[in-house]
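Student: I've got a model open and I'd like to check the labels people put on it. Can we go through them one at a time?

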Amino acid sequence: MNRRTMPVTAALAATAALLLTACGSGDDGDSKDKDNIAGADQGDAKKSASPSASAEDSADRPKVTLPKDDVLVFEGGKTGDAKKDAVLADNAARHRAIDAAIIKGDPSSEAVQFYSEGDGATSAVAWIKSVVDDGYSVTGTVRFFDRAVALREDGSARLTYCGDESKWFGKDRETNKTDKTPVTKKSYVFYDASLKLSAKGVWKTTAVTSERGASQCQP
């Protein structure tokens, strides 16, 4: 499986950026993919793991568990600003939820829906289904870095960050064989996400654009 070359519909363009790289970080695919992606944190995500956006945070966050061979590392998790920290945590939780859904073969994952809304939810579910239907899972390590949050006047948030997928690959669901590929500039992705705070205090991803091979994310 190679996420850079796998056919992706317009509705899935955003989601493809993150998950396709994991399945093969050596090809030169489209330089830009629109992606509604998921959040993830290093280790298990437990209920109420995300910091409160405010005193009104009443969400009962789902527990998301990833196997030892799928590791998501998030740098810069604390900014000192409670709202920004909450945005980072819920975006990370969404990444974890998407990986868990792919690994479990569960496109209808409640955890993915919990951290997604609108097009963000629709495209995430469709992408997960496409990976599972093609007979693949994911394995390896993804490192997310240079994460920066900007709070908008309308109450929403913008989150930009990079993903290092050079050690993240596709794995055949039947044989468990890992499809390791060479590292290229396409192994590094720039993400620009929009998030909206729900009534229960959850920062839900509503849209994400991504650029594979972006110069600002190169090592």
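Student: Are Tyr 161 and Tyr 191 buried or exposed?

Tutor: Tyr 161 is buried, and Tyr 191 is buried too. Bear in mind that this is a predicted model. The label means that each has under 20% relative accessible area. Across the 219 residues of the protein, 54% count as buried.

Student: How many aromatic pairs turn up in the whole structure?

Tutor: A search of the whole structure gives four. One of them is Tyr 161 with Tyr 191, a stacked pair.

Student: What makes that pair stacked?

Tutor: Take the two values in turn. The ring centres are 5.0 Å apart, and the cut-off for a pair is within 6.5 Å, so Tyr 161 and Tyr 191 pair. The planes make an angle of 25°, and stacked asks for under 30 degrees, so the label fits.

Student: Where in the chain do the two partners sit?

Tutor: Tyr 161 is in strand β4 (residues 157-172) and Tyr 191 is in strand β6 (residues 188-197). They are 30 residues apart, so the pair links distant parts of the chain. Both tyrosines also belong to one aromatic cluster, together with Phe 74 and Phe 144.

Student: Why is Arg 143 said to lie over the face of Phe 145?

Tutor: The distance from the ring centre is 4.2 Å, and the limit is within 6 Å, so that part of the test is passed. The other part is an angle within 35 degrees of the ring normal, and Arg 143 is listed as lying over the face.

Student: Which residue is the bridge partner of Arg 143?

Tutor: Val 73 is, with Arg 143 on the β3 side.

Student: How do you know that β2 and strand β3 (residues 136-151) pair?

Tutor: Five bridges join them, and a pair needs at least two, so they pair. The two strands run parallel. As for cover, four of the five residues of strand β2 (residues 70-74) are buried, so "mostly covered" is a fair description.

Student: Why does the length of helix α4 (residues 119-133) look right?

Tutor: Its 15 residues, at 1.5 Å a residue, should span 21 Å, and the end C-alpha atoms are 21 Å apart, so the two agree. Among the buried residues of α4 are Trp 127, Ile 128 and Val 131. Just after α4, Gly 135 takes a positive phi of about 85°.

Student: And what is the overall inventory of helices and strands?

Tutor: The protein has four helices and seven strands. Their pattern along the sequence is α-β-β-α-α-α-β-β-β-β-β.

Key
Residues are numbered from 1 along each chain as its sequence is written. This is a predicted model: local features need pLDDT of at least 70, side-chain atom pairs count only at pLDDT 80 or more; totals for chains, interfaces and linings use all residues. Side-chain values use heavy atoms; hydrogens and water are left out. Rings of Phe, Tyr and Trp (its six-membered ring) pair if their centres lie within 6.5 Å; planes under 30 degrees apart count as stacked, over 60 as edge-to-face and the rest as tilted. Buried means under 20% relative accessible area, exposed over 50%, partly exposed in between (1.4 Å probe, protein chains only). The expected span of a helix is 1.5 Å times one less than its number of residues.
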